[in-house]
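Here's a quick tour of the charged side chains in a protein that may be new to you. Take a look at the sequence and structure first.

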Amino acid sequence: MAETKNTKATTTTKVAKNEKRIRVTLVKSPIGYKADQRRTAVALGLNKLNSSNELPDNSAVRGMIFKIKHLVRVEEI
């Protein structure tokens with residue numbers, strides 16, 4: 001049998017020097033909330049409580065933050 005190796009694909013995004021960034025921190029557990037809210041937190045890169053991620057400040061990210069605003073803290077960088 002052929003052996004397969006699972007590897008995660010890494011993606012890098014180029015950040016413009018003048019692009020605004022925001023830091024999103026998961027401050028409340030998504031347990032007990034709807035599954036789509038849990039998936040939104042994971043899509044933002046927030047896997048564990050108090051984990052943070054720096055993201056570009058655009059409308060797609062802002063919409064995801066709005067969906068779970070009761071679970072996160074947002075800081076502009």
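What follows is a short report on salt bridges in this predicted model.

## The overall tally

Side chains of opposite charge can pair when their charged atoms come close. Counting a Lys or Arg side-chain nitrogen within 4 Å of an Asp or Glu carboxyl oxygen, you get seven salt bridges here. Let's walk through some of them.

## Helix to helix

Start with Asp36 and Lys67, whose closest N and O atoms sit 3.0 Å apart. This salt bridge joins distant parts of the chain: Asp36 belongs to helix H1 (residues 35–43), while Lys67 is in helix H2 (residues 59–67), 31 residues apart.

How open are the two partners? Asp36 is partly exposed, at 27% relative accessible area, and Lys67 is partly exposed too, at 38%.

## Helix to strand

Helix H2 shows up again with Arg62, which pairs with Glu76 in strand E3 (residues 72–76), so parts 14 residues apart in sequence get tied together. For this salt bridge, the closest N and O atoms are 3.7 Å apart.

Arg62 is partly exposed, with 35% relative accessibility. Glu76 reaches 64%, so it counts as exposed, the cut-off being over 50%.

## A small network

Arg73 and Glu75 make another salt bridge, with 3.6 Å between their closest N and O atoms. The pair doesn't stand alone: through shared partners, salt bridges join Arg23, Glu54, Arg73 and Glu75 into one network.

Arg73 is partly exposed at 44% relative accessible area, and Glu75 is partly exposed at 30%.

Note on methods. Residues are numbered from 1 along each chain as its sequence is written. This is a predicted model: local features need pLDDT of at least 70, side-chain atom pairs count only at pLDDT 80 or more; totals for chains, interfaces and linings use all residues. Side-chain values use heavy atoms; hydrogens and water are left out. Helices (H or I, at least four residues) and strands (E, at least two) are DSSP runs, numbered from the N terminus. Buried means under 20% relative accessible area, exposed over 50%, partly exposed in between (1.4 Å probe, protein chains only).
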